[in-house]
Amino acid sequence: MNPRRYGIRATGSALVGLGLLLGAAQDSRATTPKAASANSFRTGKTLNIAHAGGDALFPEGTLLAYQRSTVLGSDVIDVDVQLAGDGTLVSLHDASVDRTTNGSGLAREMTYPQIRNLDAGYRFKRNGKFPFRGKGITIPTVQQIVLRFPASLVTLDLKDQRLKVVQPVCQLISEANRVDTIYVGVDTDEQVIEFRRLCPTVHTSGTSAERKALRAARETDNTNFVTKQWVSQPPFVGDDGTKRVTASSLAFSHQLNIAVLTWVVDDPKDMAELVELGVDGIYTRRPDLLEKVIQQTSEKPD
């Protein structure tokens, strides 16, 4: 049964201290009423989100990975962001280039021309071989990726947690006119606050207090709660082994117009469960497998 079709509603028990938690996130309650605007990441189907371009199949974060994963069915371009020493936003997960290229050093201490000269396919290994070495695959800029895929939804995950990253990300999104199709994942409260100061229309993660308050609202089924969060990115299974994405948690988020994008799921059985539940998107290293699951699920009779 797909709860998205049957309108299953969340329920929960009272949680002591909810008022205090909501007070901590008072600025999020004072925003535009829930569901006041369309959420591009709620499309009515499960989005296939190739993690870093499908990093089980291709060198992560490269144009080649994004191009090929899109052909395989990926709907969303998922980019990890670091700021190079010359101020260029680059598609890179780690602070250093060591793990994924034939070079070494911190990206923040290198210019983009230095980074671009590295072989981004050098360390990708499949079946004991290195099929992408010496193929001219490079680390792209975030701007190159955004411009190459103008019709795709994009998630930018700021791995570089310095405040100085915020301004160029704001500028990129604004100049590309992509406020409604790019979501920015942010891990630090300082970056969230800086985004709201510099570019309040850009959609980002909430502060830690806001996320805590949202969890409390969900446990009490307080659907009057208002949040600035456009997207929620819970893991499918928490550290304690408990499933974090359920029919009730999805129903609650959807009543607040929040898209739920869960990560990282590579098992077809788990994929099928999440698609049946009606999750808005799944991050996966295997977009080819997820696309098959989505197609099979859509072909099932109601």
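User: Which element supplies the largest share of the lining of the largest pocket?
Analyst: In this predicted model, local features need pLDDT of at least 70 and side-chain atom pairs count only at pLDDT 80 or more, while totals for chains, interfaces and linings use all residues. A pocket is an open set of points on a 1 Å grid over the protein atoms alone, where a 1.4 Å probe fits, with protein on both sides within 12 Å along at least five of seven lines, and lining residues have an atom within 4 Å of a point. Among the elements that each give at least two lining residues are β2 (76-83), β4 (153-158) and α9 (208-219); the largest share, 4 residues, comes from α9.

User: Which residues of helix α4 are buried?
Analyst: Residues are numbered from 1 along each chain as its sequence is written, and side-chain values use heavy atoms, without hydrogens and water. Helices are DSSP runs (H or I, at least four residues), as strands are (E, at least two), numbered from the N terminus. The cover over the buried part of α4 includes β1 (47-50), β3 (89-91) and α12 (287-298), with contact meaning heavy atoms within 4.5 Å. In α4 (residues 63-72), the buried residues (under 20% relative accessible area, 1.4 Å probe, protein chains only) are Leu63, Leu64, Ala65, Tyr66 and Ser69.

User: What phi does Gly73 take?
Analyst: Gly73 comes just after α4. Its phi is positive, at about 125°.

User: Why does Cys199 count as buried?
Analyst: Cys199 sits in the loop between α8 (189-198) and β6 (203-204). Its C-alpha atom is 9.6 Å from that of Val169, 30 residues away along the chain. Cys199 counts as buried because its relative accessibility is 9%.

Notes
Buried means under 20% relative accessible area, exposed over 50%, partly exposed in between (1.4 Å probe, protein chains only).
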